[in-house]
Amino acid sequence: MSFERELNKRSGSQCELCAATENLKEYQVLPTQKGGLDESIYACTTCINQIDNPGNEDLNHWRCLNDSMWNEHIPVQVVAWRMLSRLRNQDLLEQMYFDEDTLAWAQATGEGEDDENKIIHRDVNGVILTHGDSVVLIKDLKVKGSSMVAKQGTSVRNIRLDHENAEYIEGKVDGQQIVIITQYVKKI
């Protein structure tokens, strides 16, 4: 059975956050260790767009968290915790309980922290970078540990953010996953 079919079966063919039945797709809950069903949710594009773009939340849409926070699957609970933290809903957050590992996973993206403690990734021009953005290299970069040189002007799509260091992002260049310093990229 395919991975997406397993998610579809687990979710009952609906968004695991808001119960929408259209425009559903797999969403990996970052940071991932090994990927797979235990680190993904099945969500609608409305939820995914609001998760990936902080500041664009529709408060009425997220009333669904009253129910989804009790979902039996850990990745759904983690995303619910993150959104409740972002929306500053302390009443519901106080009802949730996680073991240490799950809480560390939920907090890994910085949700729930004060803005001054959050790690913010910025490109060379100071533009804020988010997970999934595309960037272009502004100079040739020698890749440590290999003979590869990532050339200036190379486009890197679907970047991932390092949640411990604001200067590092990850992306694929010529099929190889590399770490890139943010001062050498510009958001497209």
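The following paragraphs lead from the chain as a whole to three of its residues.

The structure is a predicted model. Its mean pLDDT is 89, and 96% of the residues reach a score of at least 70. Confidence varies between the elements: strand β2, residues 40–44, has the highest mean pLDDT, at 96, while strand β4, residues 128–129, has the lowest, at 85.

In its secondary structure, the chain comprises 6 helices and 12 strands. Its radius of gyration is 18 Å, close to the 16 Å that the globule rule gives for 188 residues, so the chain is as compact as a globular protein of that length. Along the principal axes, the C-alpha atoms occupy a box of roughly 50 × 45 × 30 Å. Contacts that span the sequence are well represented: of those between residues at least 6 apart, 56% link residues at least 24 apart.

The surface and the interior may be considered next. Buried residues make up 38% of the 188 in the chain. The exposed area amounts to about 11,000 Å², of which carbon and sulfur atoms contribute 43%. As for charge, there are 30 negative and 20 positive side chains, and a distance of 9 Å separates the centres of the two sets.

Individual residues complete the picture, beginning with Glu39. This residue is found in the loop that runs between β1 (24–28) and β2. Glu39 counts as buried because its relative accessible area is 8%, below the 20% cut-off. Beyond its neighbours within four places in sequence, Glu39 is in contact with Tyr27, Gln28, Val29, Thr32, Gln33, Lys34, Pro75 and Trp105. Thr182 lies 143 residues from Glu39 in sequence, and their C-alpha atoms are 27 Å apart in space.

Gln50 belongs to helix α2, which covers residues 45–52. With a relative accessibility of 8%, Gln50 is also classed as buried. When residues up to four places away in sequence are set aside, the residues that Gln50 touches are Asn56, Glu57, Asp58, His61, Trp62, Met83 and Arg86.

Ser85 is part of helix α4, formed by residues 74–86. Ser85 has a relative accessibility of 4% and therefore counts as buried. Between Ser85 and Gln107 there are 22 residue positions along the chain, and their C-alpha atoms are separated by 9.5 Å.

Taken together, Glu39 offers a buried position in a loop, whereas Gln50 and Ser85 offer buried positions in helices.

Definitions and conventions
Residues numbered from 1 in each chain as written. Predicted model: local features only at pLDDT ≥ 70, side-chain atom pairs only at ≥ 80, totals over all residues. Heavy atoms only, no water. Helix = DSSP H or I, 4+ residues; strand = E, 2+ residues; numbered from the N terminus. Rg over C-alpha atoms; globule rule 2.2 N^0.38 Å. Buried < 20%, exposed > 50% of the residue type's maximum accessible area, 1.4 Å probe, protein only. Contact = heavy atoms within 4.5 Å. Areas by Shrake-Rupley, 256 points an atom, 1.4 Å probe, with all protein chains shown as cover. Lys, Arg positive; Asp, Glu negative; His and termini not counted. Charge placed at Lys NZ, Arg CZ, Asp CG, Glu CD. pLDDT = per-residue confidence, 0-100.
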